[in-house]
Amino acid sequence: MENVYVDRLLFLDGKYHLYEADFATQTFTEIACGVYAKELEIGWLVGESDEKVSFYRRLEDKWQVIPVNTVEVDLLHGQIIYCQQGLWYVYYEEKEILLGEMEAAGNRNWWPLFPERARIYFVLPLGDDKFVLSIINPNRFLMQKEYQGALVLLSDASSFWGEKIILVPLGNDCFEAYDYAQPLLGSADEALYLKELENGVFFWSQALKCWKKISLQNCYVLANNAVLMFGQRKTGFGGYYRFVILYKVDENANCIKICVGKKCFLGAEVKIGGWFYPRDIDKKLVDFDHPRKSRWLKIKNFFGLGKD
C-alpha cells in the first residue's frame with residue numbers, strides 16, 4: 001500500500017498542532033506547534049503570532065518550512081513569496097532573497113486564475129536612480145538585474161492578454177528586453193524592431209547586442225530596415241507644409257536620412273520624392289541599394305530643376 005498523507009490542524013492544550021497522518025503506517029507526526037495558526041490554500045502558517053510565524057507545506061516526501069514572519073504569503077510559479085512591510089521576498093534555493101515592490105506587466109487581477117499571464121515582477125530601489133529588477137518566470141527561475149533609470153513597458157502586440165515586454169535601460173538609449181524572465185533578442189526570422197505608439201520605436205543593434213531607441217516622432221515602421229517620419233512646418237501664410245522623410249535603419253540601429261517628399265505611396269515599391277525603392281514583403285525589407293527615378297524626376301533632372 002502506498003503512503004497516503006493527510007494534514008490536520010488540531011487545537012489542543014491551548015495551542016495549535018499541525019499533524020501529518022500516514023495511513024499506511026497508521027502513525028501521526030507533529031510537524032509544528034504554536035499559539036497562532038492559519039490555513040492557506042497553499043499550506044499552513046503556524047507560530048507565536050501573525051508577525052512571528054513560519055509557513056509549512058508538503059513537497060513530495062518532505063515538508064518545506066519557511067520563517068516568513070507575515071501572513072501575506074503567496075505562490076508565484078511554484079515559488080513561495082511573502083511580503084513584510086511592503087517589500088516582497090522569495091524563498092529561493094533554500095535562502096531568503098529580497099525582491100522589492102511588486103509590479104505587473106499584465107493584468108494583475110488574472111493572477112489567481114492565470115498566474116502565467118499576470119507577468120508579476122519586482123523592483124527594488126538602491127538609491128542614486130539605481131534599481132534591481134526581479135522576475136520569477138513560469139519555469140520557477142529567478143532572474144535579477146541591476147539597472148539605472150526607468151523601466152519601459154511595451155505592449156506586446158501579439159498578446160491577446162494585454163501583456164507587456166519589459167525594457168531595461170543600459171544607457172545611451174540602449175535597452176535589454178525581457179519577455180517573462182527570458183531575454184528577447186533580435187532575429188532575422190522575427191521582427192527586428194519593437195514599437196509602441198506611446199513609448200516609441202526600438203531597433204535591434206547587431207553590434208551592441210541590444211535594443212536601441214530611434215528618437216523620431218510621428219514615425220511609422222515600414223520594414224525591418226526602414227522608418228517613415230511624418231512632419232510639418234509652418235508657412236508664411238499661417239498654414240502648414242506637410243512632408244514625409246524616409247530613413248534607412250542599418251543592422252546596428254543607426255538611422256540614416258534617405259529621401260524627403262510631400263507624400264509617400266506604398267506598394268511593391270516605396271514611392272517618395274520622385275524615387276522608387278523596391279520592397280521585399282516576405283523578408284520585411286526595403287531595397288535601398290537599387291532605387292530608380294520616376295519619369296517626372298528624370299525630366300526635372302534633365303532640365304536642371306531637381307536634385308539626384
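**Exercise 1. Strand β20 and its neighbours**

In this predicted model, β20 and strand β21 (residues 210–214) pair over five bridges in the antiparallel sense. Work out which residues of β20 stand opposite residues in its partner strands, and how the strands are joined.

Solution.
Step 1. Begin with β21: W204 stands opposite W211 in this strand.
Step 2. Look at the connection. The hairpin of β20 and β21 has four residues between the strands, and in it K209 takes a positive phi near 55 degrees.
Step 3. Turn to the other partner. Strand β19 (residues 193–196) pairs with β20 in the antiparallel sense over four bridges. Here the bridge partner of K195 is V201 in β20.
Step 4. The hairpin that joins β19 to β20 runs through three residues.

**Exercise 2. The surroundings of β20**

Decide whether the faces of β20 are covered or not.

Solution.
Step 1. Take one side: G200, F202 and W204 are buried.
Step 2. Take the other side: V201, F203 and S205 are buried as well. Both faces are therefore covered.
Step 3. Six of the six residues of β20 are buried, so the strand is largely enclosed by the rest of the structure.

**Exercise 3. Aromatic pairs**

Classify the pairs F175 with F202 and F131 with Y147 as stacked or edge-to-face.

Solution.
Step 1. The structure has eight aromatic pairs by the rule used here.
Step 2. For F131 and Y147, the centres are 5.6 Å apart and the planes make an angle of 25 degrees. Planes under 30 degrees apart count as stacked, so this pair is stacked.
Step 3. Place the two residues. F131 belongs to strand β13 (residues 130–136) and Y147 to strand β14 (residues 142–148), 16 residues apart. F131 and Y147 are buried.
Step 4. For F175 and F202, the centre-to-centre distance is 5.2 Å and the angle between the planes is 85 degrees. An angle over 60 counts as edge-to-face, so this pair is edge-to-face.
Step 5. F175 lies in strand β17 (residues 174–179) and F202 in β20, so the pair ties together parts 27 residues apart in sequence. Both F175 and F202 are buried.

**Exercise 4. An open sheet**

Describe the sheet that contains β4, β5, β6 and β7.

Solution.
Step 1. The sheet is open, its four strands follow the order β4-β5-β6-β7, and the pairing is antiparallel.
Step 2. Find the edges. β4 (36–40) and β7 (62–66) each pair on one side only.
Step 3. Neighbouring strands are turned by 20 degrees against each other on average, direction ignored.
Step 4. Check single pairings. β4 and strand β5 (residues 43–49) share five bridges, with A37 opposite V46, and a hairpin of two residues joins them. Strand β6 (residues 52–59) and β7 also pair over five bridges, with R57 opposite Q64.

**Exercise 5. Cysteines**

How many disulfides does the structure hold, and why is C264 not bonded to C259?

Solution.
Step 1. The structure holds zero disulfides.
Step 2. For C255, the nearest cysteine sulfur is that of C219, 8.4 Å away. C255 is partly exposed, with a relative accessible area of 32%.
Step 3. The sulfur of C264 has its closest cysteine sulfur in C259, at 8.9 Å, which is too far for a bond.

**Exercise 6. Confidence**

Where is the confidence lowest, and where is it highest?

Solution.
Step 1. The protein averages a pLDDT of 87, and 88% of the residues score at least 70.
Step 2. Helix α2 (residues 295–302) has the lowest confidence, with a mean of 60, and strand β10 (residues 87–92) the highest, at 97.
Step 3. Where pLDDT is low, predicted coordinates should not be read in detail.

Technical notes: Residues are numbered from 1 along each chain as its sequence is written. This is a predicted model: local features need pLDDT of at least 70, side-chain atom pairs count only at pLDDT 80 or more; totals for chains, interfaces and linings use all residues. Side-chain values use heavy atoms; hydrogens and water are left out. Two strands pair if DSSP finds at least two bridges between them. Axes are lines fitted to C-alpha atoms, for helices over the stretch in contact, and angles run from 0 to 180 degrees between N-to-C directions. Rings of Phe, Tyr and Trp (its six-membered ring) pair if their centres lie within 6.5 Å; planes under 30 degrees apart count as stacked, over 60 as edge-to-face and the rest as tilted. Buried means under 20% relative accessible area, exposed over 50%, partly exposed in between (1.4 Å probe, protein chains only). pLDDT is the predictor's confidence in each residue, from 0 to 100. A disulfide is a pair of cysteine sulfur atoms within 2.5 Å.
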